[in-house]
Amino acid sequence: MTTDSGGTARRKRLLWLVAVQTLVMAALGLLITRMAAVGGLLAPDDTFVRMLAAHRGPPADQISRWLSVLADTPAVVGVTLLCVLALLLPPARRWSEALFLGGSVAVQSAVFLLVAALVDRPRPDVPRLDGAPPTSSFPSGHVGASLALYGGLAVLALTRTRSRWRYLAAGILLLVPPVVGLSRMYRGMHHPSDVVAGLLNGTLTLLVLGSVFLAGRRVPGPDTAESGDVPGPVTAEAARQAGTAAATRGRPDGGQTRGGRPAGGRAVVVRHPHACPDELAARVRATLLRYGLTGQRWISTGPNRPCGDLAEELATDGADLVVACGGDGTVRACAEVVAGSGVPLALVPCGTGNLLARNLGLPSDPDRALEAALGGGYFDIDIGRAWGDGLAPTLFTVMAGAGFDAAMIRDASPALKASLGWPAYVVAATRHLTEPRMRLTVRLDGGRRIRRRARMAVIGNVGTLQAGLRLLPRARPDSGHLELVLFDPQGPAGWLAAAAHIAGRPLRRTPAATDGPVAGGALEYFTATRIDIRFAQPRARELDGETLPDGARLTAAVEPAALRLRLPRHPAAPRPSPADLRTPARRRAGAATGPPADARAPAPLRAARTAGC
């Protein structure tokens, strides 16, 4: 069964609730205005404001002005934009929380403007310290806006963090709206009933937006770092401890399984319509149903939407699993959305390269890859984030490159890719074998500039290419750093030395080389958490097999353990034999092991940093 209408239902519910809120506030405002005109119960409204006006003084005037500034339009808009950006940018990527906060401020403002226009209550008949805006006195816009913003931040502090200071922070934030209300009455801008109405409008807005965007969303556990934390360098001892903990983990959320399968849930399937034909889509749907994922939302990719409306879908309805049916481009686009959110991603490799799936040890057959992943557990891997001139910060899971490899990807024939698969890239590579070398400089973790010449530069989160060629033998998706190789063979002998070194790597039992040149200088390796490359002139660039505009700079930084995947085994565990891969995944699920004891570096499996894990 598919559930395509979940997001639509939530949007309809939001519109209905906001409409009801507007009607309630308007009716209340008309009633209060009528009652105030005849005196009676609301007579103290004017009396209280006159009393405050009679006791004004320079210090209090200045304090009230500062408090009013906290809730005026520029301050509210500016703070809201900063907070929303902080929630959306890595490493946070809290889509639901950002929509809740930004939506609360926007909805409160819209309701305030409608109600103020309908009610049109005059302001208190006292000297006013501020120029009267064109809106009416009811309800207080400053108070409503401050409660939507600062109250919304208090809600997020209480429900989405585990800091011991969250109650103090929430208390301070919740003091802002009533203090702003007092300052507005002191300055002669509102009656007490207007301030109460502003508090009510802000409260209703938070309830409405919270029920749509936050209800049912899980809270970070006590062992989960805050979403804003940026992990520092990982020591060897910490990595060993994390790797040991990882070996005992690998089951979904505390082992809530049923017969080795997830105990039900909702999956969002992102499908590349050409890479994933109807027959494969039908088999994917059936496999997900067998593993208890009965609620399925299918999204198709498009030329300008490589993951469809995945972000909007997760923001409105959430998901227990996202399934990417396509190649590395589809996987990268999906990872861009779910990275840092704790929502796990499963891969159905059916593109041209499928390099991430290959490096994670998934079977090349899409059906067996999904079966193996669903029979395994949840594991966190690193991602890279690349940027440069003309390139906004963009996620990659496999490699970022410039020069020879990017030109090869750019010039590969789509027709040959469709008929031959990855060998089409080899055909394109022959056109660039004689191109001149690039002049470039490299900086590692902000260190000194290293000047080099090379035919291509490749930064890798993982290191294995098609046909099992290990271009970056030390690159691992859980290492906490990136690997860089400068490829600079000179003459036929250099090309042969480089090819022999890369092709012979899987046959050698010796540890991978340390940083420095190998194969007679045809390849040179570097390791860092941030790598900055500048070229003497613009060069072709690529991310995960997707071409980018030419540019003279490429910078990449690692984001450790930012992407949660559904995998049959830990990424650093020994790969199964072909016979093992033919064994049904459900029978192999309990046999996954940790990294080999003689591995050069420990295999840290860090806990997810955000909610929803």
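Student: Hi! Is Arg283 buried, partly exposed or exposed?
Tutor: Hello! This is a predicted model, and in it Arg283 is partly exposed, with a relative accessible area of 40%. That value lies between the 20% and 50% cut-offs, so the residue counts as neither buried nor exposed.

Student: Which residue does Arg283 form a salt bridge with?
Tutor: The partner is Asp367, and the closest N and O atoms are 2.9 Å apart. Arg283 sits in helix 10 (residues 278–290) and Asp367 in helix 14 (residues 366–374), so the salt bridge ties together parts that are 84 residues apart in sequence.

Student: And what about the accessibility of Asp367?
Tutor: Asp367 is partly exposed too, at a relative accessible area of 22%.

Student: How many salt bridges are there in the structure?
Tutor: The structure holds 25 of them. One of these joins the side chains of Arg160 and Glu97, at 2.7 Å from N to O. This pair links distant parts of the chain, with Arg160 in helix 6 (residues 141–160) and Glu97 in helix 5, 63 residues apart.

Student: Are Arg160 and Glu97 buried or exposed?
Tutor: Arg160 is buried, and Glu97 is buried as well.

Student: What does Arg476 pair with?
Tutor: Its side chain meets that of Asp478 in a salt bridge, 3.3 Å from N to O. Arg476 has a relative accessible area of 18%, so it is classed as buried. Asp478 counts as buried at 1% relative accessibility.

Student: Which residues are joined into one network by salt bridges that share partners?
Tutor: Those are Arg266, Arg297, Asp309, Glu313 and Asp317.

Student: Arg266 caught my eye. How far is Arg266 from Gly318 in space?
Tutor: The C-alpha atoms of Gly318 and Arg266 are 8.3 Å apart, while the two residues are 52 residues apart in sequence. Gly318 is in the loop between helix 11 (310–316) and strand 5 (321–326). Gly318 is also buried, with a relative accessible area of 12%.

Student: Let's switch to helix packing. At what angle do helix 5 and helix 8 pack?
Tutor: The angle is about 140°, and the axes are 9 Å apart. Those are the two quantities used to describe a pair of packed helices. Helix 5 (residues 95–119) passes helix 8 (residues 192–213) in a right-handed crossing.

Student: Which residues meet there?
Tutor: From helix 5 they include Phe100, Gly103, Val107 and Val111, and from helix 8 they include Gly202, Leu206, Leu209 and Gly210. By class, the contact has 8 nonpolar, 8 polar and no charged residues.

Student: You mentioned Val111. What else does Thr22 contact, besides Val111?
Tutor: Leaving aside neighbours within four places in sequence, Thr22 is in contact with Leu114 and Val115 as well as Val111. Thr22 is in helix 1 (residues 6–37) and is buried, with a relative accessible area of 12%.

Student: Last topic, the nonpolar cores. How many residues has the largest one?
Tutor: The largest nonpolar core has 58 residues, and those with the most contacts inside it are Leu310, Val322, Val338, Leu345 and Leu523. Helix 12 (residues 328–338) gives the largest share of this core, 6 residues.

Student: What does Leu345 touch?
Tutor: Not counting residues up to four places away in sequence, the residues touched by Leu345 include Leu321, Val322, Val331, Val338 and Leu565.

Student: And which residues are in the second core?
Tutor: That separate core of 42 residues includes Leu14, Val76, Tyr150 and Ala170.

Key. Residues numbered from 1 in each chain as written. Predicted model: local features only at pLDDT ≥ 70, side-chain atom pairs only at ≥ 80, totals over all residues. Heavy atoms only, no water. Helix = DSSP H or I, 4+ residues; strand = E, 2+ residues; numbered from the N terminus. Buried < 20%, exposed > 50% of the residue type's maximum accessible area, 1.4 Å probe, protein only. Contact = heavy atoms within 4.5 Å. Axes fitted to C-alpha atoms, helices over the stretch in contact; angles between N-to-C directions. Left-handed = near helix turned anticlockwise from the far one by under 90°. Nonpolar A, V, L, I, M, F, W, Y, C, P; charged D, E, K, R; others polar. Salt bridge = Lys/Arg side-chain N within 4 Å of Asp/Glu carboxyl O. Core = buried A, V, L, I, M, F, W, Y, C linked by side-chain atoms within 4.5 Å.
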